[in-house]
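Hi,

Here is the structure I promised to pass on. Have a look at it first, and then read on for what turned up.

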Amino acid sequence: MKEPKLIVLSSVAGGGKSTLIRILQAKHPDLAFSVSCTTRAPRPGDKEGVTYFFLTKEEFESGIEKAEFLEWARVHDNYYGTPAKFVEACLTSGKSVIMDLDVQGADQVKKKLGSKVITIFILPPSEEEWEKRLRGRGTDSEESILKRIRNGKAELKRKDDFDFALVNDELDKTVESLERILF
Ligand code: ADP
Ligand code: 5GP
């Protein structure tokens, strides 16, 4: 990567964003990950400050008032937002940053930072496999899974608005495709 880029990965829940970002970061330690703030409850495997900063609704709303977020949105009944300072510091020091955002966040970042931003939508190979992965992850309640599937069907319709759309069939191949786009 020559000049620093902001890379936005979006997908339906269970599309594979976190898994792909983990692999990319292990292979490319210079790539920074923007840790988001959220009001959702931590799930098994979540780590404060690593996967998310977990905030109360009041803390999050105070962050909105103080314009601390580069973007924020309500997703699946919770707030999610990107701390602006971290992204700004990375870009200033020449580091590329990868972000895991929903489609509303991707829109906002593209609008604010334009040509610095590469947006990529990750697609599950089929609806059947998508549900299997979401259930197989074992981190969400049945109610939460059904809500994510419902919301995901609307999100899938936005895939053509992204710079790239990749089908996440085999992990190795998807990582290779991402590397071809980014490096
Ligand atoms: P997201 O962050 O987009 O919600 P995850 O990265 O948590 O999605 O992936 C959802 C589940 O699917 C995880 O259990 C993950 O291990 C699995 N998964 C992701 N990509 C693949 C793939 N290409 N093949 C098989 N399983 C996958
Ligand atoms: P999860 O709760 O499954 O980790 O994430 C739910 C959704 O919120 C995913 O679509 C994820 O991409 C999105 N998300 C995570 N962090 C942010 C953020 O900072 N801003 C926005 N707009 N969406 C986010």
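The side chains of H76 and N151 are joined by a polar contact of 2.7 Å. This is a predicted model, so please read every distance here as a computed one. H76 itself belongs to the loop that runs between strand 5 and strand 6. Is H76 buried or exposed? Its relative accessibility is 13%, and because anything under 20% is called buried, H76 goes into that class. The backbone there caught my eye too: phi of H76 is near 45°, so a positive value in a residue other than glycine. Most residues other than glycine have a negative phi.

A67 does something along those lines as well. Its phi is positive, about 55°, although A67 is not a glycine. You'll find A67 in the loop between helix 2 (57-65) and strand 5. As for cover, A67 has a relative accessible area of 60%, and it counts as exposed because the cut-off for that is over 50%.

Now to ligand 2. The two strands on either side of the H76 loop come back here: strand 5 (69-75) and strand 6 (78-83) each give at least two residues to the shell around ligand 2. There are 17 residues around this ligand, and S36, R40, Y52, Y80 and D100 come nearest. By class, the shell splits into five nonpolar, five polar and seven charged residues.

Which atoms make the polar contacts with ligand 2? Here are three:

- Y52 has a polar side-chain atom 2.6 Å from an oxygen atom of ligand 2.
- E71 has an N or O atom in its side chain that is 2.7 Å from a nitrogen atom of ligand 2.
- R148 places a polar side-chain atom 3.3 Å from an oxygen atom of ligand 2.

On its own, ligand 2 has 510 Å² of accessible area, and the protein covers 95% of it. Ligand 2 sits in the largest pocket.

Ligand 1 next. How many residues surround ligand 1? The count is 15, with G14, K17, S18, T19 and R137 the closest. Helix 1 (residues 17-27) supplies the largest share of that shell, three residues. Sorted by class, the shell around ligand 1 holds three nonpolar, seven polar and five charged residues.

The contacts I'd look at for ligand 1 involve both backbone and side chain:

- A polar backbone atom of K17 lies 2.8 Å from an oxygen atom of ligand 1.
- In the side chain of R133, an N or O atom is 3.2 Å from a nitrogen atom of ligand 1.
- A polar backbone atom of L171 is 3.4 Å from a nitrogen atom of ligand 1.

Taken alone, ligand 1 exposes 560 Å², of which the protein buries 78%. The space that ligand 1 takes is the largest pocket, and that is also where ligand 2 sits.

One last residue, K95. K95 is in the loop between helix 3 (84-92) and strand 7 (97-100). With a relative accessibility of 35%, K95 counts as partly exposed, because that value falls between the 20% and 50% cut-offs. If you want a sense of where K95 lies relative to the ligand 1 shell, take R137, one of the closest residues to ligand 1: K95 and R137 are 42 residues apart in sequence and 31 Å apart in space, C-alpha to C-alpha.

Cheers

Note on methods. Residues are numbered from 1 along each chain as its sequence is written. Chains are lettered from A and ligands numbered from 1 in the order in which they are written. This is a predicted model: local features need pLDDT of at least 70, side-chain atom pairs count only at pLDDT 80 or more; totals for chains, interfaces and linings use all residues. Side-chain values use heavy atoms; hydrogens and water are left out. A residue is near a molecule or strand if one of its heavy atoms lies within 4 Å of it. A polar contact is a pair of N or O atoms within 3.5 Å; within protein, one must be able to donate a hydrogen and the other to accept it, and residues adjacent in sequence count only if both atoms are side-chain atoms. Accessible areas come from the Shrake-Rupley method with a 1.4 Å probe; for residues, only the protein chains shown count as cover. On a 1 Å grid over the protein atoms alone, a cavity is a set of points where a 1.4 Å probe fits but cannot get out, and a pocket is an open set with protein on both sides within 12 Å along at least five of seven lines; lining residues have an atom within 4 Å of a point. A molecule sits in a cavity or pocket if more than half of its atoms lie within 2 Å of its grid points. Helices (H or I, at least four residues) and strands (E, at least two) are DSSP runs, numbered from the N terminus. Ala, Val, Leu, Ile, Met, Phe, Trp, Tyr, Cys and Pro count as nonpolar, Asp, Glu, Lys and Arg as charged, and the others, Gly among them, as polar. Buried means under 20% relative accessible area, exposed over 50%, partly exposed in between (1.4 Å probe, protein chains only).
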